[in-house]
Amino acid sequence: MLSSQPLLHAGVFALTVLQALASNTFTAAVYEHAVILPAPTYKPVSPSDALALMNKNMDVLEGAIKEAAQQGAHIIVTPEDGIYGWQFTRQSIYPYLEDIPAPEVNWIPCTEPSRFGPAPVQERLSCMARNNSIYVVANIGDKKSCNSSDPDCPSDGRYQYNTDVVFDPEGKLVARYHKYNLFMVETQFNYPKEPEIVTFETPFGKFGIFTCFDILFHEPAVVLVDKMQVDTVLFPTAWMNVLPFLTAVEFHSAWAMGMRVNFLAANTHKTSLAMTGSGIYAPDGARTYSYNMESEDGRLLIAKLDAHPRLSPASPPAVNWSSYALSVERFSQNDHEFTGFIFHDQFTFTELTKPEGNLTVCQKQLCCHLSYKMAGKRDDEVYVLGAFDGLHVVEGQYYLQICTLLKCKSTDLSTCGQPVEVAQTEFEMFSLSGTFGTNYVFPEVLCSGVQLAPGEFEALNDGRLISKTKLTKPVVTVTLFGRWYEKD
């Protein structure tokens, strides 16, 4: 005879599935976690000390997971490095790693904790999902033994991977992803021999997953959307904000719009490293987001999304990002172009000297066209139109084409491109376009105070990024951020 507890859980799980199936929407949650870090050390701590630290972080995550479930969330994403942090060497991280099997083994760690050896972290995450009837997404470390028969086997006899795991509402492991594009400081990890394209089906759409720095590359990020046709991307990250284009909330929102998918981004929170910025993003803009450099508190975000955004009436049309720009002549022959650097890349700039007008600036094959009208031209703020067409070579090599309207740090033109968070100038309208050689372009609008402007702009199918109405906040940047993957 079955006990009442499994029957109760099965009933709750079945009800959750039926509720999701009955609707074309679902409720998503992300949690930005202020990670409790271990003391820096070059020597490995004991397994018990490592587990104690991870349990402290999982105590916090469990509270967020319970709250999300109580508010009706079907899935929650937690951050990269959210269980043990990042202050490790290859040797010192080892006690924090577990052997994570492939999802095909059909395993519920909560009910079979010892099936694949000691796995206390996976057991606890599985139980969090099972006890709250919610999908739980977490980032942990995987270890895989190897030997001399493998010519790539590291000298210490093991592979170590930065790994995302997903447990379904029964607590079953349904996805495992090994990060492929490691950031330059992640020397404690190996990357898999081939990029992994990880998807899984849910009652509310097809999901894909990758981690942090992966977003800037074709594999696995673009493949998941274009080839695998996922509806929603899960994105644990430890994102260090870099103005003016690579703050978490603006770039992640822009990626969701450019790729026309839902995007659930959960960031770690560490203001001393400029780590903040999490959100739940849809193709038509941010549903909810948070950017907080004022405190060290974690933050739970919850929002409703369309299960199949491409089929939604609110989904924006597919965009030909060069159509309009290639059809028009240069707006102006400007004799006052100058160069400046943004994040080590040399841009060509031209100043917006009038309160309204039409401007063009070009670099190599890229010409950027801007029409604009300011609510009022201020003497204490300078804006420029900029273009960059080239290979970015810092912390990785990737080819960019960028058109941007941005505020300079001061009235000194040599400050154009330096980080700016606050502006006073309001724009009645803008229209930005470019002669892009790629159709992978991500539209960004960042307002004063590192705030987004959801619903106040749109990308037309001819490639123009336009304001719908006068923006309610002063503008810091308006950007079309293009990635030409074939030229990496």
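This is a short talk on the annotated active site, one helix, one proline and the cysteines of this chain.

Okay, thanks everyone. One thing up front: this is a predicted model, so please hear everything I say with that in mind.

Let me start with the annotation. The UniProt record, an unreviewed entry, lists Glu 80, Lys 179 and Cys 212 under "active site". Those positions span 133 residues in sequence, yet no two of their C-alpha atoms are more than 10.4 Å apart, so the three gather at one spot.

Where does Glu 80 sit? It's in the loop between strand S2, residues 75–77, and helix H3. Is it buried or exposed? With a relative accessible area of 2%, Glu 80 is buried. Its contact list, leaving aside neighbours within four places in sequence, includes both of the other annotated residues, Lys 179 and Cys 212. Also on that list are Asn 139, Asn 162, Glu 186, Thr 211, Pro 236, Thr 237, Ala 238, Ala 266 and Thr 268. If you want one specific pair to look at, take Asn 162: its side chain makes a polar contact with the side chain of Glu 80, at 2.8 Å.

Now Cys 212. This one is in the loop between strand S7, 205–209, and helix H4, 218–226. Cys 212 comes in at 9% relative accessibility, so it counts as buried too, given that the cut-off is under 20%. Beyond its sequence neighbours within four places, Cys 212 touches Glu 80 and Lys 179, and then a run of residues: Phe 235, Pro 236, Thr 237, Ala 238 and Trp 239. Pro 236, Thr 237 and Ala 238 were on the Glu 80 list as well, so if you're clicking along, keep those three displayed. Next, helix H3, which covers residues 120–132. Its 13 residues reach 18 Å from first C-alpha to last, close to the 18 Å expected at 1.5 Å a residue. How many of its residues are buried? The count is 10 of 13, and H3 is mostly covered. Polar and charged names turn up in that buried set, including Gln 122, Arg 124, Ser 126, Arg 130 and Asn 132. Val 121, Leu 125, Cys 127, Met 128 and Ala 129 are there too. Right after the helix comes Ser 133, with a positive phi near 50 degrees.

A quick stop at Pro 309. You'll find it in the loop between strand S12, 299–306, and helix H6, 323–327. Pro 309 is buried, at 3% relative accessible area. What does it touch, apart from neighbours within four places in sequence? The contacts are Asp 231, Arg 260, Val 261, Asn 262, Pro 283 and Ser 315. Take Val 261 from that list: it's 48 residues from Pro 309 along the chain, and their C-alpha atoms are separated by 6.3 Å.

Last topic, the cysteines. A search of the whole structure finds 5 disulfides. Counting bonded cysteines along the chain, the pattern is 1-2, 3-4, 5-6, 7-8, 9-10. There's also a cysteine outside that scheme: Cys 447 is in no disulfide, and the nearest cysteine sulfur, on Cys 408, is 17 Å away. Cys 447 counts as buried, at 1% relative accessibility.

I'll walk through three of the bonds. Cys 146 pairs with Cys 153, sulfur to sulfur 2.1 Å. Both of those cysteines are buried, and the link is right-handed, with 75 degrees about the S-S bond.

Then Cys 362 is joined to Cys 367, at 2.0 Å between the sulfurs. The torsion there is about 110 degrees, so that disulfide is right-handed. Again, both partners are buried.

And which way does the bond between Cys 368 and Cys 403 turn, right-handed or left-handed? The torsion is about -80 degrees, so the answer is left-handed. Cys 368 lies in strand S16, residues 366–374, and Cys 403 in strand S18, residues 398–407, so this pair ties together parts 35 residues apart in sequence. The sulfur atoms are 2.0 Å apart. As for burial, Cys 368 has a relative accessible area of 0%, and Cys 403 has 0% as well.

That's my tour, thanks for listening.

Methods: Residues numbered from 1 in each chain as written. Predicted model: local features only at pLDDT ≥ 70, side-chain atom pairs only at ≥ 80, totals over all residues. Heavy atoms only, no water. Helix = DSSP H or I, 4+ residues; strand = E, 2+ residues; numbered from the N terminus. Expected span 1.5 Å × (residues − 1). Buried < 20%, exposed > 50% of the residue type's maximum accessible area, 1.4 Å probe, protein only. Contact = heavy atoms within 4.5 Å. UniProt positions renumbered as here; feature names shortened; annotations may be inferred. Polar contact = N/O pair within 3.5 Å; in protein donor to acceptor, adjacent residues only side chain to side chain. Disulfide = S-S within 2.5 Å.
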